[in-house]
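Here are my notes on the model you sent over. I went through the voids, the charged pairs and the rings, and wrote them up as numbered points.

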Amino acid sequence: MTRTLQSYVHDSWWSPADDAEGTEVRDASTGEVVARVSSAGLDLGAAMEFARTTGQASLGELTFHQRAVILKQLALALTERKRELYELSSRTGATKADSWVDVDGGIGVLFTYSGKGRRELPNSRVQLDGPVEVLAKDGSFLGRHIRTTLPGVAVQINAFNFPVWGALEKFAPTFLAGMPTIVKPATPGAYLAEHMVRIMVESGLLPAGSLQLVSGSVRDVFDHARLGDIVSFTGSASTADQLRRHDAVQTGGVLFNAETDSINASVLGPDAVEGTPEFDAYVRQLVSEMTSKAGQKCTAIRRAIVPAESADALVAAVEARLAEKIVVGDPRAEGVTMGALASAEQRAEVFRQVQRLVEGGGRIVVGEGQDPAAEGAFAEPMLLRFDDPESPRVHDTEAFGPVSSVIAYETPEQAADLVVRGGGSLVTSVASADAQFVADLTRRTASANGRILVLDRVDARSSTGHGSPLPMLVHGGPGRAGGGEELGGVRSVFHYMQRTAIQGSPEMLTAITGVWHAGAGTRDDQHPFRKSLQDLRIGDQVVSEEREVTLDDIAHFAEFTGDTFYAHTDEEAAAANPFFPGRVAHGYLLLSFAAGLFVSPAPGPVLANYGLESLRFMTPVSPGDRIRVALTAKEIIPRETHDYGEVHWDAVLTNQEGETVATYDVLTLVSKTPEIPAE
């Protein structure tokens, strides 16, 4: 009996009734039935409400860093069992290399967001956006922007081509932001997505309500969505357009993010003639993009835009490389390098679109144009050639499989125009060693692309390739590509958070943000360097004694360091400078004196000084001036996986007149307890 996939809702596994109608999912290579998919009887509205309540509460108890640690642990749990995912992935038609992109790529996203979350976000629940705005001359009224987690649920509706990566690249930033997720995988690969979620659930790491899975339809999702929810869709542009028009999105405040099909281009520069490293890199990349995942990638190259004089050579080179490198068949068979399409239906759709391309002026110059009589959802790679580069069909029709089209251009300006005719793309690549050509093409086409990859002889081997979205860079594109945005490091985390302007006194802003603001209360009961993180509090402060800066100090520093800039060594020249009254102290001399003024030298909880941030010199210091420093604990960031944390100190250096000489943040590593941690 065929297994019916389960859904995971309300933190338990749910199965549809035995007599519920479902969709059969077949092995892409053999046609064997793998599973049955149905969500008949599932209460999607209740699942969404469970996420908004239980999921929001459990994630809301955690800081950004605590969520980031869980992401790493989930990545490790999936890594331990990825062989299981590989085995199932082969049934989708994926080769081992394809599965690596999907499975390991998805796990890699979790690792990346775990690291970036701990490095680039605070160990708190509120993220600060931008500097403080002083709204009153006396500093009693301030403003700034913060980001807080949206109060709803993120529903992700995914495409069939990447069951693991497609879910995890959305889940990672959502989870890090503190927003619960409902995953709805596409039916053809739903059994792989279900197993991935099963591994994550069995790890015991998921906070209650933070992740749910619906195996089957979610057609009524917008009937249950409301303000604070996000629906993220990956799929066809036509379906995205229908979803975008729903009243919940238009007037109900539900956020909608779409990443859709894209007629991506790759441009061969005029200089990249046959025999150059750039030409060879272009051919390798084009063949890879035609055959990786059997061409079923939203980032695949659909338009090969090449100089007219290089078109024949390119076609010949692609044909030769396909013949040498590509063997189509069951990915479990020895020697196979390109597997099947996701389903027989998808295979039929690819050939329908190829026929449309032919009717629109394309000629098949490599591969078979007819439906091959083979079992399984197989299709040979096909390269078409368009004699008319401005044929509308080549710029608006996508055969979502191992298919690309060659278009010739005469001038660099025409090449750029052809790229833009795609109506908005996820990615365009260019292979050229001509920096001016690349710069001009980028300026002309960047607004029509989410990403531009440049290949030359320097990076041809190290490049991750045209069709590989990286978690630290934006994935998405304008126009036909959907207008959405995913990944991009912490940028994508902010998609699941609300930016709010807050105004108030320094004390109130300190309470809201957990970061000390100048003018808020301070405490000087003990030198703060004598306090471990368990005792240190925001606002703990030390104000130093004064120190006079002498001419001998300045001269010695100049000689000792070699910094003999005239402002420090030549009275007449310094006085002629509009910024100085005469010889002045080196800025770095003042910082050194400040460190000596605020330091508590005995061994203690402060382990190391690891940097300065936002340094500004405001008022020059002349010989005879006296300086002092006020050092205040501004932000405390415990490290979840270490016995110490970071402390950011607000440092303000002033002179005897009370004028600000310099401002900066001192960064230190401080033990969590009075005991110095072992190495």
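**Notes on cavities, pocket and side-chain contacts**

1. Let me begin with the second largest cavity, which has a volume of about 70 Å³. Keep in mind that this is a predicted model. The residues that line this cavity are Asn158, Ala159, Asn161, Phe162, Trp165, Gly166, Glu169, Lys170, Thr234, Glu259 and Cys298. Helix α5 (residues 165–177) gives the most to that lining, with four residues. By class, the lining splits into four nonpolar, four polar and three charged residues.

2. On to the other cavities. Searching the whole structure turns up three cavities of 30 Å³ or more. In the largest cavity there is about 100 Å³ of space. It is lined by 15 residues, and the closest to its centre are Thr92, Phe160, Lys293, Gln296 and Ala342. Six residues of the lining of the largest cavity are nonpolar, five polar and four charged.

3. The largest pocket holds about 1,200 Å³ of space. Its lining takes in 39 residues, with Leu128, Arg144, Val515, Lys634 and Asp665 the closest to the centre. Several elements give two or more residues to this lining, including α4 (96–120), β6 (142–149), α16 (490–494) and β27 (660–671). Which element gives the largest share of the lining? That is β5, with six residues. As for the chemistry, the lining of the largest pocket has 18 nonpolar, 11 polar and 10 charged residues.

4. Now the charges. Side chains of opposite charge can pair when their charged atoms come close. With N and O within 4 Å as the cut-off, the count for this model comes to 37 salt bridges. Asp27, Glu32, Arg91, Asp330 and Arg332 are linked in a network of them.

5. One salt bridge to look at joins Glu49 and Arg226, with the closest N and O atoms 3.4 Å apart. This pair links distant parts of the chain: Glu49 is in helix α1 (residues 44–60), while Arg226 is in the loop between α7 (221–224) and β10 (230–235), 177 residues apart. Glu49 counts as partly exposed because its relative accessibility is 31%, and Arg226, at 42%, also counts as partly exposed.

6. Asp440 and Arg443 make a salt bridge within one helix. Their closest N and O atoms are 2.4 Å apart. The two residues are three apart in helix α15 (residues 435–445), so about one helical turn separates them. Are they buried or exposed? Asp440 is partly exposed, at a relative accessible area of 30%, whereas Arg443, at 59%, counts as exposed.

7. Arg628 and Glu546 form another salt bridge, at 3.6 Å from N to O. Because Arg628 lies in strand β25 and Glu546 in the loop between β22 (541–543) and β23 (547–548), the pair ties together parts that are 82 residues apart in sequence. Arg628 is partly exposed, with a relative accessible area of 30%, and Glu546 is partly exposed at 33%.

8. Next, the rings. The whole structure has nine aromatic pairs. In Phe529 and Phe598 the ring centres are 5.9 Å apart and the planes at 70 degrees, so this pair is edge-to-face. Phe529 lies in the loop between α17 (506–513) and β22 and Phe598 in helix α21 (residues 587–598), so parts 69 residues apart in sequence are tied together. Both count as buried because the cut-off is under 20%: Phe529 has 6% relative accessibility and Phe598 has 7%. Ring pairs also link Phe529, Phe598 and Trp649 into a cluster.

9. Helix α21 also holds Tyr588, whose partner Phe617 is in strand β24, so this pair ties together parts 29 residues apart in sequence. The Tyr588–Phe617 pair is edge-to-face, at 6.0 Å centre to centre and 85 degrees between the planes. Tyr588 is exposed, with a relative accessible area of 52%, and Phe617 is partly exposed at 40%.

10. Last, two charges over rings. Arg147 has its charged end over the ring of Phe494, 3.9 Å from the ring's centre. Arg198 lies over the face of Trp13, at 3.9 Å from the ring centre.

How values were computed:
Residues numbered from 1 in each chain as written. Predicted model: local features only at pLDDT ≥ 70, side-chain atom pairs only at ≥ 80, totals over all residues. Heavy atoms only, no water. 1 Å grid on protein atoms, 1.4 Å probe; cavity = no way out; pocket = protein on both sides within 12 Å on 5 of 7 lines; lining within 4 Å. Points joined across faces, edges and corners; volume = space filled by probe spheres on them. Nonpolar A, V, L, I, M, F, W, Y, C, P; charged D, E, K, R; others polar. Salt bridge = Lys/Arg side-chain N within 4 Å of Asp/Glu carboxyl O. Buried < 20%, exposed > 50% of the residue type's maximum accessible area, 1.4 Å probe, protein only. Phe/Tyr/Trp six-rings, centres within 6.5 Å; stacked < 30°, edge-to-face > 60°. Lys NZ or Arg CZ within 6 Å of the ring centre and 35° of its normal.
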